[in-house]
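Work through the exercises below with the model open beside you. Try each task before reading its solution.

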Amino acid sequence: MKKQLLFSLFFIATIFLLTTCSKEVLENNLQYKMLTPINEDLNAGEWKPILISSPKDFACPTPISTASPDYILQINEIKSIQKEISVEEMSNLKYWGAGSVLRWNEIMRELVAKYNLPPYQNPDGTYPVPNPNNPLSYPTFPFANPPYAARAYAYLSAAQYDAAITCFYYKKLYNRAAPNTIDNSIKVLLPQKKSPSFPSEEATIMAASVEILKLLFPGEQDYINKKAEEHKQARLLSGLNVRSDIEAGEIIGKAIAAKFITRALTDKAGAAVGTPNDWAAMKKNCEDLGEMPWQSLESPERPPMLPLFGKVQPFLFDQATLESSIRPGPPPSTNSEKFKAECDEVYFIQKNLTREQLRIANFWADGIRTYTPPGHWNYIASNDFVAMDLSEVRWARNMALLNMSLMDAAIVCWNTKYTYYNPRPSQFDPRIKTDIGLPNFPSYISGHSTFSGAAATILSYLNPSKALEYDNMAKEASMSRMYGAIHFRSDCEVGIITGNKVGKYAIDRAKNDGAD
């Protein structure tokens, strides 16, 4: 038993080091420039929302007069805190000045990486399941695996978007000027905007983000609250918002987030773990077709990862569309010559792996303690959107389109995996080994490929100047799974095609949301 435990700990430590290196490749400590949008999208209050019916459905308090004593007190509050600015406060101001959507997405990615760690086995060989009602007990909730992460990014981004367009509806309605235009003795410490300051879109995005993050990472409430306070303080210090601008934004953001939280609590993700009876039925369905079923190669055998995630409610289409139009047909039969040939191909690649192929396999591995594959694409998109000088509301719109694509890609992919229950290469041929970790779920179709196909499709629409680059990235991410010896060619090729289909649904939405 002691020997087995030591081996298991060594294995986990090895995988941790490998995936940590992969994460460090992503983190290049970019110092983001201040958000200075080319177009402030002042008509964003007319854009089509995702979940809410209309921005008019959410009450926003009427702003007080800029000549009132209360407003003058708020002006004086800004002057007071601007008198003595510490180095830490200036650093905080610059951090948030890079963009609210950018920074809250970054915070989400960091939390995903922190919680992306599978539970270790109990002494009796069973595996514990994280409990959202007791998030700080072992195993801590959540296990932020790729499907969980994809869903988390989607809820964050979609709530930010609906909150932002609601905020802009009220900006236009009330048209209250920024405090520095009321009192020119106020210093403006971030780039000036043309849009009205009431409500604050930054505070609206912040409040929506806080509520979603607390739902998804309940053990991190103190940290999330701390970041929110830093964000609010930065807005006051900037000279661009008085306190009532921020408070109105918070009211909107919290109200919008409540709608998304209600959806999240009923979207079937809570039942995605399934039961032993569910797992047995999936295996039997595969065997009844005369196929070799997937099985966990961990010791002791670990239950499959989220086998019912394919039943979660998508954002861009319904379950009927998923099953009739998007889910691909079956993989090559495990009894066929094509399947054997694809397995031989994986073995050949492994035996003749080049240094470049190994680099690609590790770069796209996105295993434990990383952002996961959806987070990797969020990182890519974030850096590209910075260069595009987008407004906060367009940032929110673009990230929502990307992350709804990634969540729905996860749903389609997991639905496909557990429909066919196909084995991994190393299960079919024990000569095949992997150095990047073996995912604990069926092979067909490749998650990396599906995520990447969806991301590349919608990003190419949003940033057409880099369409070829996104396509090449997606192909490389897909092939990395063959270089890592954990997927067959069919898994990868069909995964890309399926992801492309999902991404096209996001494009259809983008073409009709009023933003273009």
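The exercises that follow cover ring pairs, helix packing, a buried loop residue and backbone details.

This is a predicted model, in which local features need pLDDT of at least 70, side-chain atom pairs count only at pLDDT 80 or more, and totals for chains, interfaces and linings use all residues. Residues are numbered from 1 along each chain as its sequence is written, and side-chain values use heavy atoms, with hydrogens and water left out.

**Exercise 1. Classify the ring pair of Tyr 174 and Phe 198, then place both residues.**

Step 1. Recall how such a pair is described: by the distance of the centres and the angle of the planes.

Step 2. Apply the rule. Rings of Phe, Tyr and Trp (its six-membered ring) pair if their centres lie within 6.5 Å; planes under 30 degrees apart count as stacked, over 60 as edge-to-face and the rest as tilted. The count by this rule is 20 aromatic pairs.

Step 3. Read the geometry. The centres of Tyr 174 and Phe 198 are 5.8 Å apart and the planes stand at 70°, so this pair is edge-to-face.

Step 4. Locate the partners. Helices here are DSSP runs (H or I, at least four residues), numbered from the N terminus. Tyr 174 belongs to helix H5 (residues 146–174), while Phe 198 sits in the loop between helix H6 (179–182) and helix H7 (201–216). The two are 24 residues apart, and the pair links distant parts of the chain.

Step 5. Check accessibility. Buried means under 20% relative accessible area, exposed over 50%, partly exposed in between (1.4 Å probe, protein chains only). Tyr 174, at 24%, is partly exposed. Phe 198, at 2%, is buried.

**Exercise 2. Do the same for Phe 385 and Trp 395.**

Step 1. Their ring centres lie 5.6 Å apart with planes at 90°, so this pair is edge-to-face.

Step 2. Phe 385 is in helix H14 (residues 372–388) and Trp 395 is in helix H15 (residues 392–420), 10 residues apart.

Step 3. Phe 385 is buried at 0% relative accessible area. Trp 395 is buried at 2%.

**Exercise 3. Which charged end sits over the ring of Phe 168, and which over the ring of Trp 414?**

Step 1. Take the criterion: NZ of Lys or CZ of Arg within 6 Å of the ring centre and within 35 degrees of the ring normal.

Step 2. For Phe 168 it is Lys 171, 5.7 Å from the ring centre.

Step 3. For Trp 414 it is Lys 417, 5.5 Å from the ring centre.

**Exercise 4. Describe how H4 packs against H7 and against H14.**

Step 1. Set the terms. Axes are lines fitted to C-alpha atoms, for helices over the stretch in contact, and angles run from 0 to 180 degrees between N-to-C directions. Angles under 35 degrees count as roughly parallel, over 145 as roughly antiparallel, 65 to 115 as roughly perpendicular and the rest as oblique.

Step 2. Take H7. The axes of helix H4 (residues 100–115) and H7 come within 10 Å and cross at roughly 15°. H4 and H7 are therefore roughly parallel.

Step 3. List the contact (heavy atoms within 4.5 Å). On H4 the residues include Trp 104, Ile 107 and Leu 111; on H7 they include Ile 205, Met 206 and Leu 213.

Step 4. Take H14. The axes of H4 and H14 come within 11 Å and cross at roughly 155°. That makes H4 roughly antiparallel to H14.

Step 5. Name the meeting residues. Leu 102, Asn 105, Arg 109 and Val 112 of H4 meet residues of H14, among them Gly 375, Asn 378 and Tyr 379.

**Exercise 5. Is Asp 267 buried or exposed, and what is it in contact with?**

Step 1. Asp 267 lies in the loop between helix H9 (243–265) and helix H10 (276–288).

Step 2. Its relative accessibility is 0%, so Asp 267 counts as buried.

Step 3. Set aside neighbours within four places in sequence. Asp 267 is then in contact with Arg 151, Tyr 155, Lys 311, Val 312, Gln 313 and Met 407.

**Exercise 6. Which residues are joined by the cis peptide bonds at Pro 199 and Pro 300?**

Step 1. The bond from Phe 198 to Pro 199 is cis, with omega near -10°. Pro 199 is in the loop between H6 and H7.

Step 2. Ser 299 and Pro 300 are joined by a cis peptide bond with omega about -5°. Pro 300 is in the loop between H10 and helix H11 (319–326).
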